[in-house]
Amino acid sequence: MTPLSTQQSDDLTAAVKEKYGAAARRVLSGEGVPAECCGSSGCCGGAATASCDPISSNLYVSGETDALPEAAVLASLGCGNPTALAELREGEVALDLGSGGGIDVLLSARRVGPTGKAYGLDMTDDMLALARKNAADAGVTNVEFLRGRIEEIPLPSNSVDVIISNCVVNLSGDKQRVIAEAFRVLKPGGRFAVSDVVVQGELPPDVKRSMELWVGCVAGALSDAEFVKLLSDAGFENASVEVTRTYEVEDARAFLVNTGVDADRIARDVAGRIGAAFIRATKSAVAPVKPKSSRTCGCADDCCT
Ligand SMILES: C[S@@+](CC[C@H](N)C(=O)[O-])C[C@H]1O[C@@H](n2cnc3c(N)ncnc32)[C@H](O)[C@@H]1O
């Protein structure tokens, strides 16, 4: 997938901030589930309580979110459970790209414990406000929510053990940059453990052109092959994509309706080809060694011998 133009990217950023900011404000004001998320792709699904939503319903196993503030669960707009994939360990540093209301940051914080830390990164102010309130309400102190873009992560190189993300990479207009930034901030041996929407084959052109469907986590979805190639090109090893949920014709109609496309026709076309997936990769524990012939020799360097 080629990166969007600057203008397209700016338009997408504005639309994403508007949509997810509104969703956060509804939860903050106590209105709860963003109503338009049910039966349309107003956002990446609706909310954990919205059983009508094919993308974001029933992502967490029973009991997993019981200790979290209700607002964190209500604002769950992902498409998987990356914290289950990430195998987080005590003392590790985790970073959630596009952390939204903070559900996966709070779950990660519990897993890495008091000697570890969970960062959330988001560009939408109202989502950050909601996430910080949820962390305070949960009494969790080993978390920090950062304001910024996933294309320009505000953390030093080699500082994070695990990158998680839940249905956000698809929203970026420059995914190559996102993956390069993820690689930069991961420590050697660090893991990329992300949930996202993926597509088999090509999406119809009218889907790709729809801003509603970009913001709804569908139009910007990569194919599994594109995801693996982006990760490998950035230097990651062992890149893989495991499909965890496939959206059939009724699911597809639910997220296509009211988005300006012919929902019935396209639902039949894309049924079974759009799904949610776990995407895994690792950053090598050792820096790659350049072949001797391509290295510049210095006085203290044994490469000339
Ligand atoms: C679909 S929601 C997912 C939120 C959260 N991961 C979850 O599972 O509930 C997308 C979130 O990513 C944020 N986001 C989207 N694109 C972003 C970008 N380029 N940089 C930073 N945040 C972004 C949005 O503000 C929104 O909070």
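Three helices, H1 (6–28), H7 (205–209) and H8 (211–215), each put at least two residues into the lining of the largest pocket. Keep in mind that this is a predicted model. Here's a quick tour of that pocket and of the second largest one.

**The largest pocket**
- Its volume comes to about 330 Å³.
- You'll find 17 residues around the largest pocket, and those nearest its centre are Met-1, Leu-4, Lys-208, Arg-209 and Trp-214.
- Among the contributing elements, H1 gives the most to this lining, with three residues.
- Sorted by class, the lining of the largest pocket is made up of eight nonpolar, five charged and four polar residues.

**The second largest pocket**
- Here the volume is about 210 Å³.
- The second largest pocket has 14 lining residues, with Met-1, Thr-2, Gln-176, Leu-222 and Leu-230 lying nearest its centre.
- Two helices, H6 (175–185) and H9 (224–234), are the elements that give two or more residues to this lining.
- H9 has the largest share of the lining of the second largest pocket, at four residues.
- By class, that lining counts five nonpolar, five charged and four polar residues.

**Where the two meet on paper**
- Met-1 turns up in both lists: it is one of the residues nearest the centre of the largest pocket, and Met-1 is also one of those nearest the centre of the second largest pocket.
- Both linings include five charged residues and four polar ones, while the nonpolar count is eight for the largest pocket and five for the second largest.

Methods: Residues are numbered from 1 along each chain as its sequence is written. This is a predicted model: local features need pLDDT of at least 70, side-chain atom pairs count only at pLDDT 80 or more; totals for chains, interfaces and linings use all residues. Side-chain values use heavy atoms; hydrogens and water are left out. On a 1 Å grid over the protein atoms alone, a cavity is a set of points where a 1.4 Å probe fits but cannot get out, and a pocket is an open set with protein on both sides within 12 Å along at least five of seven lines; lining residues have an atom within 4 Å of a point. Grid points are joined across faces, edges and corners, and a volume is the space filled by probe spheres set on the points. Ala, Val, Leu, Ile, Met, Phe, Trp, Tyr, Cys and Pro count as nonpolar, Asp, Glu, Lys and Arg as charged, and the others, Gly among them, as polar.
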